[in-house]
Structures are given as structure tokens and as C-alpha cells.
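Reader: I'd like to go through this model with you, starting with enclosed space. Can you set out the terms before the details?

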Amino acid sequence: MTSNIDFSGVFPAMCTPFDEDEQIDFETLQTDAQRLEEAGVDGLVPVGSTGESATLTHDEHIEVVEAVIDAVDDVPVIAGSGSNNTREALELSERSADAGADGLLLISPYYNKPEQQGFVDHYETIADAVDLPQIVYNVPSRTGQNIEPDAAVELASHENIAGYKAASGDLGQIGEVVERTRDDDFAVLSGDDALTLPVLSVGGTGTISVSANIEPERTCAMVGAALEGDYERARKLHHELGPLFRTLFIETNPIPVKEAMEIRGYGPARMRSPMTRLTDENRELLEDVLAELEDEPTAVADAEASP
């Protein structure tokens, strides 16, 4: 298939809220999806790493996808459906497709550290079987193995593999993937908020973002300005968001972003074990960063006012 999703812009990696019994709070989840859609994001990505997919059952996973789909009107929903087990990832992908997902985000197999051919075989198996646009997700800090550019470029030739979420931290490698897939219908999206603007500058198309959960308007304004070639405005917004980018990763994601969600009143900070709450010291730092952002709305206003 040719992707019917424009993988450019801002796609928040959504949090999964839990109630006091550590059950999924579907009402808060759907309210949050609507808030993000109203803020102008280009799509939503539930049940990825930020959505604590590792602590959800497969049934819960699909229930979250269905709830987000039901909550929104006009943005695509890209379901996280990866696993370190190809059969399991295929099952999650098929179930997500049946639930109505518009696309899939597939983290590379983690812990077992496959070779590059193993990555290619894994992704092609799922892409052959599930007729949805799919994004390859490279985050070696979590998975223990890097998807090398040769493998990413080979995967880009598959008609159902529509993009690459780049979270390696290696801008040279990301730029190489962009360079070598320029003639393909293939999107390269930043998976690291602090590198979103640099990735856009070398030809990336957008971001699957943690910070967009907290500052969707600013993130959309920054990415939109860069895609329009207005790097002066984009840099201004990037620097406004810089302290948030850093603070949201002061502990393991999604610990800080869920705490920020609670501070802003968007949802509870509760985590499922083995994840823990943000330390008191780091919460104070986060509160200061959020307060400063609330006091400085000028760059978004400037972006909206520009023709």
C-alpha cells in the first residue's frame, strides 16, 4: 500500500493513566486524547514506551488503542505494537489493525539483540502480513541493539514500511537514513525531543514526542516553523522548550512526563511497578520548569500571528 497518513508534524507518545487500583483510567485517557487533538497535533501514538506498554496485558493494550480511536475525530492513531518476539509483535499488530488503528509503531526487538538481518526479517514479516503503514522504531538505549542505516534503508523499500522513528541520538546516522531514502515515500521522525529541530534540519518530517504531551501548542509551532523553513522562529521555540526536554528525561521515561501531567492537571502520575514516582527533588525542578513555561507564551503567539 501507499501510506494514507502524512507522517509529518507532531505525534505525541501518549501516557496511559492509572487509577488508585492501577487499572487503566479510560475516562482520563480519552479526555487527554481530545485535549491533544484540540491543541493541533497531527496524530496520536498510544501504548508505546511512554504509554508503559511493557506493563500492560495484550488485552489492555488493545483496549487503550480502541479508547483513543473512539475519543478523537480527525487525527490518525498510530498504535504501538512492537515486541522482542516476532510472533507476539505480529499478533499485537493484527489486533491493533482489527481495532481500527491507522498505523503501527514497532519498537525493535529488545533484550535478545538480533543481528541486522534479524531486524529486517522481523519487520518484513509483520509488514507482509498487516496492510497498514508501519514505523520502525530505533531506540538502542532501551533495546540494546542499533538498527544500522543499511537495514533501515532496506526496510524503506517495503510498501507497508512508511517511516523510521529515530531515537539513537546519533544525528550523523539519522541524516544518512534521510539522505538514502529521499527518493522513497518514507518519513524519518525524531524520537528524541532535544534532537527534533536538528533532525528536521537534515530532512526529517516530524516527531513522535514526549514533550508534546505537556506543551503540544509550542511543539507544533516549533515543528511547523521548521517545516516551513522559518528556522529563526523554530530556534526560538526550541530554546524555550529546551529546559522541558532535559527535565522530562531527568529520570527514566515516562516517570517525569507522568509527573508533569499531574502537575498540569492532565492525569495521574501513578506508575505500574517496577516504575516509580519522580523523586521530590526532581519534582521541584520540574515544577519550576513548567511554571517558567506558563509565564512565557510569547513565541507561540508570535508563531500564530505570523502569516
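Author: On a 1 Å grid over the protein atoms alone, a cavity is a set of points where a 1.4 Å probe fits but cannot get out, a pocket is an open set with protein on both sides within 12 Å along at least five of seven lines, and lining residues have an atom within 4 Å of a point. Grid points are joined across faces, edges and corners, and a volume is the space filled by probe spheres set on the points. This is a predicted model, in which local features need pLDDT of at least 70 and side-chain atom pairs count only at pLDDT 80 or more, while totals for chains, interfaces and linings use all residues. Residues are numbered from 1 along each chain as its sequence is written, and side-chain values use heavy atoms, with hydrogens and water left out.

Reader: Which residues line the largest cavity?

Author: The lining consists of Cys15, Pro17, Thr28, Leu29, Asp32, Lys258, Met261, Tyr266, Gly267 and Pro268. Two elements give two or more residues to it, α1 (26–39) and α11 (255–264); helices (H or I, at least four residues) and strands (E, at least two) are DSSP runs, numbered from the N terminus. The largest share, three residues, comes from α1.

Reader: What's the volume of the largest cavity?

Author: About 60 Å³. The structure holds one cavity of 30 Å³ or more. By class, its lining has six nonpolar, two polar and two charged residues, where Ala, Val, Leu, Ile, Met, Phe, Trp, Tyr, Cys and Pro count as nonpolar, Asp, Glu, Lys and Arg as charged, and the others, Gly among them, as polar.

Reader: Cys15 is in that lining. How many disulfides are there?

Author: Zero, taking a disulfide as a pair of cysteine sulfur atoms within 2.5 Å.

Reader: Why no bond for Cys15?

Author: The closest cysteine sulfur to that of Cys15 is in Cys220, and at 16 Å it is too far for a bond. Cys15 is buried, at 5% relative accessible area, and Cys220 also counts as buried, at 18%. Buried means under 20% relative accessible area, exposed over 50%, and partly exposed in between (1.4 Å probe, protein chains only).

Reader: On to pockets. How much space is in the largest pocket?

Author: About 540 Å³. It is lined by 26 residues, and the closest to its centre are Ser49, Glu52, Ser53, Ala54 and Tyr110. At least two lining residues come from each of α2 (58–71), α3 (86–99), β3 (103–107) and α5 (140–143). The lining divides into eleven nonpolar, twelve polar and three charged residues.

Reader: And the second largest pocket, what is its volume?

Author: About 330 Å³. Of its 19 lining residues, Tyr137, Val139, Arg142, Phe249 and Asn253 are the closest to the centre. Nine are nonpolar, seven polar and three charged.

Reader: Asn253 again: what kind of peptide bond joins it to Pro254?

Author: A cis one, with omega about 10°. Pro254 sits in the loop between α10 (231–247) and α11. The bond from Ser273 to Pro274 is also cis, with omega near 15°, and Pro274 is in the loop between α11 and α12 (280–295).

Reader: Backbone, then. What is phi at Glu22?

Author: Phi of Glu22 is positive, about 65°, although the residue is not a glycine. Glu22 is in the loop between β1 (9–12) and α1 and is partly exposed, at 35% relative accessible area. Val47 has a positive phi too, near 50°. Val47 lies in the loop between α1 and α2.

Reader: Is Val47 buried or exposed?

Author: Buried, at 1% relative accessibility.

Reader: Last topic, the core. Which residues touch the most other members of the largest one?

Author: Leu44, Val68, Tyr164, Val188 and Leu244, out of 78 residues. A nonpolar core here is a set of buried Ala, Val, Leu, Ile, Met, Phe, Trp, Tyr and Cys residues joined through side-chain atoms within 4.5 Å. Apart from this core lies another of 16 residues, including Ile135, Val139, Ala187 and Leu189.

Reader: What does Ala187 touch?

Author: Leaving aside neighbours within four places in sequence, Ala187 is in contact (heavy atoms within 4.5 Å) with Phe7, Ala162, Gly163, Tyr164 and Thr205. Ala187 lies in strand β6 (residues 187–190) and counts as buried, at 7% relative accessibility.
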